[in-house]
Amino acid sequence: MTVRSAAQEDIDAIAALELEAFPEDAWTPEYLQVAIEGKMPTVRILVAEDDSGTVVGHALVSVVYEIAELQRIATAAERRRRGIGGELLVASIDIARSEGAERLLLEVREDNASAIAFYDRAGFVEIDRRERYYRDGATGIVLAMEFAGSSGSPD
Ligand SMILES: CC(C)(COP(=O)(O)OP(=O)(O)OC[C@H]1O[C@@H](n2cnc3c(N)ncnc32)[C@H](O)[C@@H]1OP(=O)(O)O)[C@@H](O)C(=O)NCCC(=O)NCCS
């Protein structure tokens, strides 16, 4: 398994993962194209590729000064619980830290138990709740990971 930067030829695979993981608001191939072409300078898209060259997961992290946001992370449904999400997360954290972020933020649906367990295991902590954050009225939980050794001052 390899985690690497996404390229043009990954767009269809990422779009399929988006539809599977986020059917309500999947990113389109057109949107992904713009991001992969580098027209969104704060955005990095990663893919996890298995030994046969199949894309089995993706993540998107954006970094703006000291704040990084994990906007997406997903593993192909039939490949979950095998460490792929963990590897994508580690790679996303590496990018965030290397670009100078001091914390990594994300929003997760209150009813997404798998993702909440995943983030909890990784060490994220809840910092806020946003009522009716999602289109269907679901609450969003804001989670954060502070990077040790960053130059930011403690809260
Ligand atoms: C969240 C997600 C990316 C995790 O990917 P993954 O490849 O299954 O993650 P990993 O195998 O690296 O899991 C690491 C650990 O997280 C925890 N975890 C992951 N999924 C879990 C689940 N369904 N239930 C309980 N714990 C879970 C476990 O501690 C797991 O370690 P273990 O398998 O040794 O017990 C995946 O479930 C997914 O794609 N979900 C749909 C998309 C999504 O909701 N993304 C997040 C949006 S905010």
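Isoleucine 45 counts as buried in this predicted model, because its relative accessibility of 7% falls under the 20% limit set for buried residues. This isoleucine belongs to strand β2, which runs over residues 43–49. A handy distance starts from here: the C-alpha atom of isoleucine 45 is separated by 21 Å from that of arginine 81, a residue 36 positions away along the chain.

Isoleucine 45 can be placed in the wider setting of the chain. Buried residues account for 41% of the 155 residues in the protein chain. The secondary structure consists of four helices and seven strands, and from one end of the sequence to the other these elements are arranged as β-α-α-β-β-β-α-β-α-β-β. With a radius of gyration of 15 Å, close to the 15 Å given by the globule rule for 155 residues, the protein chain is as compact as a globular protein of that length. The C-alpha trace spans about 45 × 35 × 30 Å along its principal axes.

For a reader with ligands in mind, the pockets are a natural next stop. The largest pocket holds about 1500 Å³ of space. Its lining is made up of 41 residues, and those nearest the pocket centre are Phe22, Ile73, Asn112, Ala115 and Tyr119. Two or more lining residues come from each of the helices α1 (11–21), α3 (84–98) and α4 (113–122), and likewise from each of the strands β4 (67–75) and β5 (103–109). Sorted by class, the lining comprises 19 nonpolar residues, 15 charged residues and seven polar residues.

Tyr119, one of the residues nearest the centre of the largest pocket, also takes part in aromatic contacts. The model contains four aromatic pairs. Among them is the pair of tyrosine 119 and phenylalanine 124, with ring centres 5.4 Å apart and 70° between the planes. This pair counts as edge-to-face because its angle is over 60 degrees. Both partners are buried, tyrosine 119 at 7% relative accessibility and phenylalanine 124 at 5%. Together with Phe118, these two residues form one aromatic cluster.

Aromatic rings also meet arginine side chains in this model. Arginine 72 lies over the face of tryptophan 27, at 4.1 Å from the ring centre. A second such arrangement places arginine 109 over the face of tyrosine 134, where the distance to the ring centre is 5.3 Å.

Two loop residues deserve a look for their backbone angles. Most residues other than glycine have a negative phi. Tyrosine 65, however, has a positive phi, near 55°. This tyrosine sits in the loop between β3 (55–64) and β4, and its relative accessible area of 71% makes it exposed. Arginine 132 likewise has a positive phi, near 50°. Its place is the loop between β6 (125–130) and β7 (140–146). Arginine 132 is exposed too, with a relative accessible area of 64%. Both residues are called exposed because their values, 71% for tyrosine 65 and 64% for arginine 132, are over 50%. Isoleucine 45, by contrast, is buried at 7%.

Terms used: Residues numbered from 1 in each chain as written. Predicted model: local features only at pLDDT ≥ 70, side-chain atom pairs only at ≥ 80, totals over all residues. Heavy atoms only, no water. 1 Å grid on protein atoms, 1.4 Å probe; cavity = no way out; pocket = protein on both sides within 12 Å on 5 of 7 lines; lining within 4 Å. Points joined across faces, edges and corners; volume = space filled by probe spheres on them. Nonpolar A, V, L, I, M, F, W, Y, C, P; charged D, E, K, R; others polar. Phe/Tyr/Trp six-rings, centres within 6.5 Å; stacked < 30°, edge-to-face > 60°. Buried < 20%, exposed > 50% of the residue type's maximum accessible area, 1.4 Å probe, protein only. Lys NZ or Arg CZ within 6 Å of the ring centre and 35° of its normal. Rg over C-alpha atoms; globule rule 2.2 N^0.38 Å.
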